[in-house]
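I am opening a notebook on this model and writing down what I look up, entry by entry.

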Amino acid sequence: MNYNTEQRKLIEEYLKSNQNKFVNVEEILEYMKNNNQKVGETTIYRYLKTLEENENLRTEIREHTKYYQYISNECLNHFHLKCKKCGKTIHLDCEDFEEVNEHIQKEHKFKLDHNTIIYGLCEKCEVSK
């Protein structure tokens with residue numbers, strides 16, 4: 001049974017307001033504390049798991065810590081670029097990349113999903129190297 005509690009609303013609000021970056025449970029706990037919400041880590045992890053199962057979260061592990069990024073429905077239909085230095089995410093609505101995806105499917109028998117992230121350096125970080 002899923003309850004749509006105030007805590008879940010606040011967690012989702014935080015994730016949505018930070019959807020251009022990855023956040024960890026510690027950051028969510030701090031946000032909840034700042035909004036006078038007492039919530040345990042278990043509750044947060046349980047809700048994050050639900051969002052992940054519903055394909056509303058993308059995850060990555062850095063230095064033994066799991067990070068989460070909210071995926072809005074429109075993000076399920078395009079690819080993303082992510083800067084390895086600053087963490088900026090760029091939404092890639094590009095017909096040219098769809099051709100690359102088709103090439104990969106046809107020539108390499110491998111289908112990319114639209115949650116695929118391509119890592120590199122954004123223009124700002126490339127210039128400041």
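**Entry 1: the β1 and β2 hairpin.** I started from E60 and looked up its bridge partner in β2, which is Y67. I note that the model is a predicted one. β1 and β2 run antiparallel, and I found 6 bridges joining them. The hairpin that they make has 2 residues between the strands. In this hairpin I found E63 with a positive phi near 50 degrees. I then looked at what lies over the ring of Y67. R62 lies over its face, at 3.9 Å from the ring centre.

**Entry 2: the salt bridge of E60.** I stayed with E60 and asked where its side chain goes. It meets the side chain of K82 in a salt bridge, with 3.3 Å from N to O. I looked up the positions of the two: E60 is in strand β1 (residues 57-62) and K82 in strand β3 (residues 79-83). They are 22 residues apart, and the pair links distant parts of the chain. Are these two residues buried or exposed? I found E60 buried, and K82 buried as well. I also checked for shared partners. Salt bridges that share partners join E60, R62 and K82 into one network. R62 is thus noted twice here, in this network and over the face of Y67.

**Entry 3: other salt bridges.** How many salt bridges does the structure hold? I have 5 on record for the structure. One of them is formed by E12 and K16, with the closest N and O atoms 3.3 Å apart. I placed both residues in helix α1 (residues 6-17). They are 4 residues apart there, about one turn of the helix. For K16 I noted a relative accessible area of 39%, so this residue is partly exposed.

E52 forms another salt bridge, with K66, and the closest N and O atoms are 3.5 Å apart. Here the pair links distant parts of the chain: E52 is in helix α3 (residues 41-53) and K66 in strand β2 (residues 65-70), 14 residues apart. I looked up how accessible each one is. E52 has a relative accessible area of 29% and is partly exposed. K66 is at 33% relative accessibility, so I put it down as partly exposed too.

**Entry 4: the open sheet.** I turned to β3 again, this time for its neighbours. There is an open sheet of 3 strands, in the order β4-β3-β5, and its pairing is mixed. Why is one side of β4 and of β5 left without a neighbour in the sheet? β4 (89-92) and β5 (117-120) stand at the edges, and each has a single partner strand, so one side of each has no neighbour in the sheet. I noted the twist, which averages 25 degrees from one strand to the next. Between β3 and β4 I found antiparallel pairing over 4 bridges. Within that pairing, H80 has H91 as its bridge partner in β4.

**Entry 5: aromatic pairs.** I looked for paired rings and found 2 aromatic pairs in the structure. Y14 and Y31 form a tilted pair, 4.7 Å centre to centre, with 35 degrees between the planes. Y14 is in helix α1 and Y31 in helix α2 (residues 25-34), 17 residues apart, so I recorded the pair as a link between distant parts of the chain. Y14 has a relative accessible area of 10% and is buried. Y31 is at 17% relative accessibility, which means that it counts as buried.

F79 and F97 form an edge-to-face pair, 4.8 Å centre to centre, with 65 degrees between the planes. F79 lies in strand β3 and F97 in helix α4 (residues 95-108), so the pair ties together parts that are 18 residues apart in sequence. I found F79 buried, with a relative accessible area of 1%. F97 is at 15% relative accessibility and counts as buried.

**Entry 6: the nonpolar core.** My last look-up was the largest nonpolar core, which has 18 residues. Those with the most contacts inside it are I11, L15, I28, M32, I44, L48 and L57. Which elements each supply at least two residues of this core? I listed α1, α2, α3 and β2. The largest share, 5 residues, comes from α2.

Notes: Residues numbered from 1 in each chain as written. Predicted model: local features only at pLDDT ≥ 70, side-chain atom pairs only at ≥ 80, totals over all residues. Heavy atoms only, no water. Salt bridge = Lys/Arg side-chain N within 4 Å of Asp/Glu carboxyl O. Buried < 20%, exposed > 50% of the residue type's maximum accessible area, 1.4 Å probe, protein only. Pairing = 2+ DSSP bridges. Axes fitted to C-alpha atoms, helices over the stretch in contact; angles between N-to-C directions. Phe/Tyr/Trp six-rings, centres within 6.5 Å; stacked < 30°, edge-to-face > 60°. Lys NZ or Arg CZ within 6 Å of the ring centre and 35° of its normal. Core = buried A, V, L, I, M, F, W, Y, C linked by side-chain atoms within 4.5 Å.
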